[in-house]
Amino acid sequence: MGSNKAELSWVEINMKALVHNVEKLRQYLRPGTQLMAVVKKNAYGHGAVPVARVAVAAGVDWLGVYSLEEGLQLRDAGISIPILIFGYVPSSQAATLVKSELTPTVVETKLPLALDKVQGDTTIAVHVKVDTGLNRSGVRTEDVPHLMYFISGLRRVKVEGLYTHFASADELDRETVGAQLQRFLGVATKFPELLLHAANSAATLVFPETHLNMVRPGIVMYGVYPSPAVERTIPLQPVLSLKSRVVRLHRIRAGEGVSYGLTWKAKKDTSVALVPFGYGDGLPRLLSNCGQVLVHGQRAPIRGRVCMDQCIVDVTDVPEVKVGDEVVLLGRQGSDEISVDEIANWADTINREILAGIRTDLHRIYT
Ligand SMILES: *Cc1c(COP(=O)(O)O)cnc(C)c1O
């Protein structure tokens, strides 16, 4: 699978791997547990609309996004399954929410009140988010009864779901997860008819007691484990690769430096290849002088600083490199693979930041 000739760099998305991951997740859940595929931030860099389409075809029950705009993008693409918006939506957007049949998260009275005033007769479903300890957003547990009572007095608005989000499931902090779950259940047991949900990827994989009526995995759908600590309880296949091509090859002499600041100096005569992929495309600048790419299935170190649109790699030890040869920045080539976790490790961050940083308008190939 190559790129369009005009595209020197591209993202490859392996939809078979995505379907595999959704199926493995599904098999791992108790029958009857609903599955929400989290596709926020352009589906973690994978492309929101194509990923959502395939996830829907693979049988997920819900989609999860952060913003109204993300939800509208999916509706505009003709996706009709329930979509929950996790983030804040201004009350001024109430009519848009109703028209697009997107499910907002409610944490206070303002939005439900505005929704109730929108012209029409259909019931408007909302989910109430309970803050059980992350202290980011949500209604505090002690304020839940009042909010529920307030909404029950509205004509059109109906609470359909109640949820919370864990602070340290990725750290396998069993105690904190357990305490948050207990706090949540303390409130939720009063509303047994609601769709109750709490589990992100890590909780889905490691804490089955958190599954409740629905799980909300994000990162694992893309074939990436939430953190090094999380047990690999289900086999996942990575979905995304980043690829480019050698656009220039040249020899530099011992003592010469490469790229801005000449931070790397050749100790011997060296063959360097120019790759048109830089930090503006999503290759972290922190990979300067420490990252690697694959050329002919072999590791080639990044030399000097990563630039905005390009980087320079050392191909002295890779035989017969030619201009036009494929370069893999993330993914498999031959028998070797550079994982998103490896890149995150070089860049001293987490895998999700690497995926979210991939330029959204890079050419994409879906296989
Ligand atoms: C991002 C997010 C998720 C998914 O998190 P992962 O750790 O990637 O599985 C689930 N729920 C909410 C509310 C989120 O914001």
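In this predicted model, the ligand is surrounded by 13 residues. The closest of these are Lys40, Tyr44, Ser201, Arg216 and Gly218. Three of the named residues can be followed down to single atoms. Tyr44 places a polar side-chain atom 2.6 Å from an oxygen atom of the ligand, and a polar side-chain atom of Lys40 is found 2.7 Å from a ligand oxygen atom. Gly218 takes part through its backbone instead: an N or O atom there lies 2.8 Å from an oxygen atom of the ligand. How much of the ligand does the protein bury? On its own, the ligand would expose 390 Å², and the protein buries 94% of that area.

Stepping back from the ligand, the eye meets the chain as a whole, with its 367 residues. Eleven helices and 21 strands can be picked out along the chain. Taken along the principal axes, the box filled by the C-alpha atoms is roughly 80 × 45 × 35 Å. Contacts within the chain can also be sorted by distance in sequence: of those between residues at least 6 apart, 65% link residues that are at least 24 apart.

The split between inside and outside comes next. Buried residues account for 54% of the chain. The chain exposes about 16600 Å², and 51% of this area is supplied by carbon and sulfur atoms. As for charge, the chain carries 40 positive and 38 negative charges. Where do these two groups lie on average, in terms of their mean positions? The mean position of the positive charges and that of the negative charges are 2 Å apart.

Methods. Residues numbered from 1 in each chain as written. Predicted model: local features only at pLDDT ≥ 70, side-chain atom pairs only at ≥ 80, totals over all residues. Heavy atoms only, no water. Helix = DSSP H or I, 4+ residues; strand = E, 2+ residues; numbered from the N terminus. Buried < 20%, exposed > 50% of the residue type's maximum accessible area, 1.4 Å probe, protein only. Contact = heavy atoms within 4.5 Å. Areas by Shrake-Rupley, 256 points an atom, 1.4 Å probe, with all protein chains shown as cover. Lys, Arg positive; Asp, Glu negative; His and termini not counted. Charge placed at Lys NZ, Arg CZ, Asp CG, Glu CD. Near = heavy atom within 4 Å. Polar contact = N/O pair within 3.5 Å; in protein donor to acceptor, adjacent residues only side chain to side chain.
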